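Biologist: Please give me a close look at one part of this model, beginning at a single residue in a loop and working outwards into whatever surrounds that residue. I would like one connected account rather than a list.

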Amino acid sequence: MSTLGKKTLAVAITQLGVQEIPKNSNAGPAVEKYLKSVGRGKGYAWCMAFMYWCTKEASTQLGLENPLFKTAGVLAMYNKEKDSVVTDPQPGDLFIMDFGKGQGHTGIVEKVEKNTIHTIEGNTNDEGSREGYEVCRRQRKTNTIKAYLRL
């Protein structure tokens with residue numbers, strides 16, 4: 001695991017349990033902080049903004065520049081960061097899901113177990129929605145993942 005990936009994962013863990021206020025609004029103090037980090041206001045889907053914010057916080061703590069493209073768009077991130085794509089997931093990697101029609105979802109890999117990744121994700125819920133209301137741990141099958149970005 002890269003140093004930046006490890007630190008980004010540690011930052012993401014500190015955000016577990018953060019929820020939208022009110023639920024299903026894409027708003028609330030923490031959510032708006034994530035969205036602001038990519039130049040967006042409340043009301044936007046925020047899974048990628050969450051990962052950008054976590055990586056920005058980790059980069060600052062390590063005295064580095066955030067290497068990620070500044071966007072709230074999951075597939076925009078994938079398209080801009082193709083040099084960072086890897087096929088073997090490791091803790092600290094960002095995962096990219098593609099649901100078609102420009103819709104995606106992302107989070108960070110916490111653990112890999114055979115064909116399952118254990119993740120921390122923003123804008124999800126216990127049911128695994130890509131438009132949920134909180135930061136929580138999830139499990140995803142590796143065959144549902146488009147790509148992994150190594151920080």
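Modeller: Happy to, with the reminder that this is a predicted model. Let's begin with S129, which sits in the loop joining strand 4 and strand 5. S129 counts as partly exposed because its relative accessible area is 26%, and the range for that class runs between 20% and 50%. Setting aside neighbours within four places in sequence, S129 touches H105, N123, T124 and R140. Of these, take H105: 24 residues separate H105 from S129 in sequence, and their C-alpha atoms are 9.2 Å apart in space.

R140 leads us into the sheet. This residue of strand 5 is the bridge partner of I117. Strand 4 (residues 116-124) and strand 5 run antiparallel and are joined by seven bridges. Stepping back, we find an open sheet of six strands with antiparallel pairing, in the order 1-6-2-3-4-5. Strand 1 (85-86) and strand 5 (134-141) are the edge strands, each with a single partner, so one side of each has no neighbour in the sheet. Helix 1 lies across strand 3 (103-113), strand 4 and strand 5, and runs at about 105 degrees to strand 3.

N123, one of the contacts of S129, offers a second way in, as N123 is also in contact with W46. Again leaving out neighbours within four places, the contacts of W46 include Y34 and L35, as well as G122, Y133, E134 and V135. E20, N26 and V31 complete that set.

W46 brings us to the interior. The largest nonpolar core holds 33 residues, and Y34, W46, F50 and L94 have the most contacts inside it. At least two residues of this core come from each of helix 1 (3-14), helix 2 (29-36), helix 3 (47-62), helix 4 (74-80), strand 2 (94-100) and strand 6 (147-149). Helix 3 gives the largest share, with nine residues. Apart from this there is a second, separate core of seven residues, with V86, F95, M97 and V109 among them. As a general tendency, nonpolar side chains in soluble globular proteins are buried together.

Now for the rings. There are four aromatic pairs in the model. In one of them, Y34 and F50 meet edge-to-face, 5.0 Å centre to centre and with 70 degrees between the planes. Because Y34 belongs to helix 2 and F50 to helix 3, this pair ties together parts 16 residues apart in sequence. Both Y34 and F50 are buried. Y34 also pairs with W53, in a tilted arrangement with 5.2 Å between centres and 55 degrees between planes. W53 lies in helix 3 and Y34 in helix 2, so here the parts tied together are 19 residues apart in sequence. Y34 has a relative accessibility of 0% and therefore counts as buried; W53, at 8%, counts as buried too. Ring pairs link Y34, W46, F50 and W53 into a cluster, which brings us back to W46, the residue that touches N123.

Two charged side chains also sit over rings. R40 lies over the face of Y44, at 4.3 Å from the ring centre, and K80 lies over the face of F69, at 5.1 Å from the ring centre.

Technical notes. Residues are numbered from 1 along each chain as its sequence is written. This is a predicted model: local features need pLDDT of at least 70, side-chain atom pairs count only at pLDDT 80 or more; totals for chains, interfaces and linings use all residues. Side-chain values use heavy atoms; hydrogens and water are left out. A nonpolar core is a set of buried Ala, Val, Leu, Ile, Met, Phe, Trp, Tyr and Cys residues joined through side-chain atoms within 4.5 Å. Buried means under 20% relative accessible area, exposed over 50%, partly exposed in between (1.4 Å probe, protein chains only). Helices (H or I, at least four residues) and strands (E, at least two) are DSSP runs, numbered from the N terminus. Contact means heavy atoms within 4.5 Å. Rings of Phe, Tyr and Trp (its six-membered ring) pair if their centres lie within 6.5 Å; planes under 30 degrees apart count as stacked, over 60 as edge-to-face and the rest as tilted. A charge sits over a ring if NZ of Lys or CZ of Arg is within 6 Å of the ring centre and within 35 degrees of the ring normal. Two strands pair if DSSP finds at least two bridges between them. Axes are lines fitted to C-alpha atoms, for helices over the stretch in contact, and angles run from 0 to 180 degrees between N-to-C directions.
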